[in-house]
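User: I'm new to this one and would like to learn how to read its features step by step. Could you walk me through it?

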Amino acid sequence: MSYTYKSGVHIDWCPGCGDFGILSAIQMALSEMKVEPHRVAVFSGIGCSSKTPHYINAYGIHTIHGRPLPYAIGAKLANPNLVVLVVSGDGDMLSIGAGHFVSAGRRNVDLTCVVFDNGVYGLTKGQASPTLRRGIKTKALPKPNINDAVNPIALAIISGYTFVARGYAFDIKHLKDLLKQAIQHKGTSLVDVLQPCPSYNDIMTKEWYAGEDRADPATGKSIPRIYKLEDSGFDPVVHNPDEKEVAQKMCNAIAKSLEWGDRIPIGVFYQNPHVPTYEERLTSRIPNYRQYPPALQKIADESMHPIVDLKKLMERFKLE
Ligand code: SF4
């Protein structure tokens with residue numbers, strides 16, 4: 001089962017871009033999970049990252065700026081049997097798409113949102129994106145960034161996302177494992193991926209994440225900035241659905257998400273498996289929703305003549 005297009009697809013990213021690592025991790029995760037390509041739908045907005053659906057051998061929908069989540073939610077609710085992924089940049093998802101990002105957390109639709117987080121708008125030549133910290137001056141900016149940054153992990157947690165993780169584009173195996181966990185989780189998942197943009201972000205580079213600028217004087221070896229939460233004994237899972245534990249796990253995760261600079265955690269920050277998905281909420285109102293979701297309802301006969309009687313529906317809207 002391959003998610004890689006074998007020929008005829010030109011990948012339109014700069015050499016050394018972190019997007020390649022994320023693409024590989026998505027393809028590997030889906031292959032290892034043995035999900036058939038016709039059951040996978042990948043939605044994107046606008047930006048370098050949003051070209052990703054073109055490079056995955058599954059259904060791909062390249063939507064408009066900031067809007068991949070509403071498209072993806074619509075598709076998932078119409079056909080809950082699909083595995084739905086949203087791939088989007090930090091600019092697309094956390095600026096123009098921020099309203100949709102927050103609203104998605106209230107619903108807990110079963111989908112996975114992957115944010116390619118490089119701190120810049122790469123496609124339009126490197127303007128500061130919502131995740132670039134104040135005071136940082138990348139090579140495309142005439143002056144240091146004047147705005148404070150959005151924290152995607154904290155925003156997702158307080159918005160209601162029930163699986164929140166951070167990966168690194170050049171630790172492909174770890175990212176692949178995170179994506180598998182996110183896809184398997186029942187509910188809305190965020191995987192925020194730190195993704196070097198070698199063309200426009202000359203501050204958060206692959207070398208910076210690897211700590212090559214701060215060698216250990218004793219050994220001469222680099223001291224990596226990135227470390228894995230699971231190696232530090234951090235427990236992100238809400239084990240009992242009581243409010244006290246939920247609040248404690250949220251606070252722990254948000255505190256961890258504030259670590260930056262010398263030490264940058266990756267891994268799962270928060271997981272609450274006890275919140276009903278939107279599909280479950282719908283089933284409690286429409287009992288046969290799972291058997292007959294909109295995409296599986298018959299709307300035409302074998303000759304493709306409509307079999308749905310719209311007259312009755314229109315009668316309801318008729319003005320006297
Ligand atoms: Fe990647 Fe940056 Fe080039 Fe876009 S501009 S493809 S994010 S390196």
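User: Which residues of the largest nonpolar core touch the most other members?

Analyst: Some ground rules to begin with: this is a predicted model, where local features need pLDDT of at least 70, side-chain atom pairs count only at pLDDT 80 or more, and totals for chains, interfaces and linings use all residues. Residues are numbered from 1 along each chain as its sequence is written, and side-chain values use heavy atoms, with hydrogens and water left out. A nonpolar core is a set of buried Ala, Val, Leu, Ile, Met, Phe, Trp, Tyr and Cys residues joined through side-chain atoms within 4.5 Å. Buried means under 20% relative accessible area, exposed over 50%, and partly exposed in between (1.4 Å probe, protein chains only). Here the largest core has 34 residues, and the ones touching the most other members are L69, M93, F101, L111, Y161, V164 and L190. Helix 2 (residues 68-78) gives this core its largest share, five residues; helices (H or I, at least four residues) and strands (E, at least two) are DSSP runs numbered from the N terminus.

User: What is L111 in contact with, leaving aside its neighbours within four places in sequence?

Analyst: Contact means heavy atoms within 4.5 Å. With those neighbours set aside, L111 meets L69, A72, I73, V84, V86, G187, T188 and S189. There's also a second, separate core of 31 residues, with C17, I22, I56 and L179 among them.

User: How do I read empty space, and what volume does the largest pocket have?

Analyst: Picture a 1 Å grid over the protein atoms alone: a cavity is a set of points where a 1.4 Å probe fits but cannot get out, while a pocket is an open set with protein on both sides within 12 Å along at least five of seven lines, and lining residues have an atom within 4 Å of a point. Points are joined across faces, edges and corners, and a volume is the space filled by probe spheres set on them. The largest pocket holds about 290 Å³. It has 21 lining residues, and K76, L82, D110, I183 and K186 are the closest to its centre. Strand 3 (83-89), strand 4 (111-117), helix 6 (172-184) and helix 9 (278-285) each give two or more residues to that lining.

User: And which residues lie nearest the centre of the second largest pocket?

Analyst: That pocket has a volume of about 210 Å³, and of its 17 lining residues, I46, G47, C48, Y121 and G122 lie nearest the centre. Helix 3 brings the largest share of the lining, three residues.

User: How many cavities of 30 Å³ or more are there?

Analyst: One. The largest cavity has a volume of about 170 Å³, and 18 residues line it, with D117, T131, R133, L194 and W260 closest to its centre.

User: Which residues surround the ligand?

Analyst: Here, near means that a heavy atom of the residue lies within 4 Å of the molecule. The ligand is surrounded by W13, C14, C17, C48, N118, G122, Q195, C197, P198, S199 and Y200.

User: Is H10 buried or exposed?

Analyst: H10 counts as exposed because its relative accessible area is 63%. H10 sits in the segment before helix 1 (19-33). H10 and Y55 are 45 residues apart in sequence and 8.5 Å apart in space, C-alpha to C-alpha.

User: Where does V308 lie?

Analyst: V308 is in the loop between helix 9 and helix 10 (310-316). Its relative accessibility is 42%, so V308 is partly exposed.
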